[in-house]
Each structure stands twice: as structure tokens, then as C-alpha cells.
Amino acid sequence: MKCAGTIDVRDVDESCINIDPIQVGGRLTADAMKAIIAYGDGYSVCDQCRKPFRLDYIKTPPVDIFHRDLASFVNMDIARVVPGARRGFQAVADALITKGDPVLITALSHYTEVLAIEGRGGVIREIPKTEQNIIIADAAALKIEEVIKEFGRPPILLFLDHFDYQYGNCHDVREISKVAHQYDIPVLYNGAYTVGIMGVDGKALGADFVVGSGHKSMAAPAPSGMLATTAEWAERVFRTTAAKTDVTGRTFGVKEIGMMGCTLMGVTLVGMMASFPHVRERVKRWEQELANGQKVVDALLSVEGTIVRSEHPRKHTLTRVDTSGSFDRVAQTHKKRGFFFTSALKEKGIAGIIPGATKVWKFNTYGMTDSQAEYLASAFRDIARKNGLTVAD
Ligand SMILES: *Cc1c(COP(=O)(O)O)cnc(C)c1O
């Protein structure tokens, strides 16, 4: 079946249990689906845009209120919508970094942080991880001291992922922020895997900037996201234009340079807004989400030879497993080779794992019902048993 022309219908989430780490938190709510049909046209939210002509002042639909709600959702002072978490990083990097400035990230940072810094000519330094793949405050303090020795000044900014994309491990943002603030280093809290799926209190965490991803964790269309900050930093990051053109003498009011005036002007914003009431509710159910994830992790651990590479017990629904000693052993002699595993999962209606992966892979149980989690857990056990692996009860 086709949507149009050569474009296939996409029904992954209707026909399967999807465990793709990057997709599960971004799936639209029914309300978002309805809203985006109505607002699909370009610049659709601009119908009622009036003076002073900026996105966050629009009253119909209530874009203005949504901006205030977003800020309070993460307990910060001011928020803006941005086209993806990466554009939030970029806006902060553009405002704070000049060429040659040292900037701290971590050994588990996302590549988009690197690009944001690189784009400004910042010099990247990484806080190393522990053997358990955790970023700790002591390592941050040590790295800051190293940077001071190397550059004669502390880093200009610290990017910190609360939960990293590789292991879904939790990193002690509060303690690391405390250390950073002792050196007056502002902290950018990367909540790509938190904002919209669990409660985030930016101020309590010591964040100067909170960045979230709409399409990863807020049930919104891509590209969408948010950048929130304190009153103190807002002036710099959301600075308005002061330009006056030479020939026509034009000025441009309150347009924000870092936001390129306006950011999300149609489906993305309206999708985010329509999902937001659901998102605000769902973060309260994080403990249940963790319990479901743990069920699946326990099932995988019951398969002899399987190792969970993420911290244990799990604090996130994204988990990295190493099945080199189990499913990959089967792959060595199976007629389908490495594809036996994902194809067995597909037969059971489970999608979202990279085809052919049998050694190290990731999955995310976010958004499942209890019975889906149980089904997934038993599916892993079944596939193991069927292929001659020992499964503990
Ligand atoms: C996915 C991800 C990003 C990028 O988010 P976008 O909204 O797609 O820009 C950044 N950081 C982390 C840790 C991520 O997992």
C-alpha cells in the first residue's frame, strides 16, 4: 500500500511492538495526529500572528501560553521551541562560544553537541567515564583543572547528558553542576532522553540551560524540541536584533537572533502542543515504565551468556545488551546467520532492532503496556530456547 506515489504506508507502530531506542518516546498521540492534519500547511500557525510578530506571542492557537507551560514543565524561567535538541545546543553554543574557547562534553556525549561546538570553533575536551560507564563529579572536577592548566582559563560551557544515548545510564547532573558552578561554568542539561518521559526539574539539577527533543521524547513530529533557560542567561541566548540596514534603514523589532526570528511554524509546533497535556501526565508514570523495562531486562539476563552493558538495576527504559555469548553464538551456525535473531523477532511482531545485530544492541521499552512488556520478555526467552540456549526460570 502507498501513501502517495512511491511512498510506502508506514505502519510499524500499528502492526508491531516497536523497541527502536530513538522512536518510542516520539510517537504521536492521537491528538497530535488530528492537530497536524489541520496545521499541515506551511506557516499555518501564523494565521493570527499580530504585533510584535513573533512566534511566542501568538495567542490563537495559544502558543504564548504553551511557551510559559514549557518553561514551568522543566522548572526554568523562559523557554523557546527549537527544531530539535541539536538546534538548542547550537543556539547556546552560538551565544556563548567564540573561536578557541575550551568547551567540556563527556565521553558519552551525543555527536550533535560536538557539531554545535565545532561550528563555533570551540575546542572540545571530554570528561572521561568510569569503568562502569558513568560520568561522575570527581572526573568533572579533574578535567576542569586540566583545562585550566592547558588553556589558562576554565571551560566556557559544559554539556551534560542526564541519560546518555549509548547505555541509558544516569549521570549525576546535580553534583557535576555544583562542581561546574564553583568555576562559574554554565551547564547545558541535555534532556533528549528525559524531558517528556520523566519529570525534570532544571533548577534543582543546577541547569543553566535545559534542552529537550520533541521528536525523541515529547510525542511530537520532527524536527521539534525546546530550549529553556534562566532569566540570567535568557538575555544572551534570546538576544533580539539591533541591526539597522544601510539603504532602507529597516529595523526588525523583537526578532531573536539565535532563533532566526521564528522556529516552528506549523505541524511541529502544533503537534508538540497537542501532545503536551498527555506528556505532562505521562511523566508521572515513569516508575511503571521502569518496571516494564526491568521485566524485559530480567528475561534477557535469564538467557545464558547474555550480559547487560547498562547499569543495573535500570534507571531508564533504554538498555544496551551484549548477546555475543548467546544469540551471536547461535548466529555462527544458523542458516540465516546474524539475521536469524531480528527475523525471529519480526515473526513475533517485534520491530526496531538493527537487522543482523546479534552482538551488542540497544532497545527501549518506553510506552509499552504491561502485557506488551510481558510478551516481549517471553519472546526473547522463546527465541533463545528454540535455538538451543539455556534459559533460567
Ligand atoms: C537524540 C539525541 C540528541 C539529538 O536530538 P534531536 O532532537 O534529534 O536534535 C541529542 N542528544 C542525545 C543524548 C540524544 O539522544
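This is a short chat about a predicted model, its ligand site, one strand and its cysteines.

Student: What kind of model is this, and what do the pLDDT limits apply to?
Tutor: It is a predicted model: local features need pLDDT of at least 70, side-chain atom pairs count only at pLDDT 80 or more, and totals for chains, interfaces and linings use all residues. Residues are numbered from 1 along each chain as its sequence is written, and side-chain values use heavy atoms, with hydrogens and water left out.

Student: Ligand first. How many residues surround it?
Tutor: The count is 14. The closest are Ala85, Arg86, Ser213, His215 and Lys216. A residue is near if one of its heavy atoms lies within 4 Å of the ligand.

Student: Which helices supply at least two residues of that shell?
Tutor: Helix H4 (85-96) and helix H9 (214-217). The largest share, 3 residues, comes from H4. Helices (H or I, at least four residues) and strands (E, at least two) are DSSP runs, numbered from the N terminus.

Student: What does the side chain of Arg86 do there?
Tutor: One of its N or O atoms is 2.7 Å from a ligand oxygen. For His215, a side-chain N or O atom is 2.8 Å from a ligand oxygen. Asn190 has a polar side-chain atom 2.9 Å from a ligand nitrogen.

Student: How much of the ligand does the protein bury?
Tutor: 96% of the 380 Å² that the ligand exposes when taken alone. Areas come from the Shrake-Rupley method with a 1.4 Å probe.

Student: New topic. Is strand S5 buried or exposed?
Tutor: Mostly covered: 5 of the 5 residues in S5 (102-106) are buried. Buried means under 20% relative accessible area, exposed over 50%, partly exposed in between (1.4 Å probe, protein chains only).

Student: Which way do its side chains point?
Tutor: Pro102, Leu104 and Thr106 point one way, Val103 and Ile105 the other.

Student: What does S5 pair with?
Tutor: Strand S6 (residues 123-127), in the parallel sense, over 5 bridges. Pairing takes at least two DSSP bridges. Pro102 has Val123 as its bridge partner in S6.

Student: Now cysteines. How many disulfides are there?
Tutor: A search of the whole structure finds 0. A disulfide is a pair of cysteine sulfur atoms within 2.5 Å. For Cys16, the nearest cysteine sulfur, that of Cys3, is 16 Å away.

Student: And where is the nearest cysteine sulfur to Cys262?
Tutor: On Cys49, 6.3 Å away. Cys262 is partly exposed, with a relative accessible area of 22%. Cys16 also counts as partly exposed, at 24%.

Methods: A polar contact is a pair of N or O atoms within 3.5 Å; within protein, one must be able to donate a hydrogen and the other to accept it, and residues adjacent in sequence count only if both atoms are side-chain atoms.
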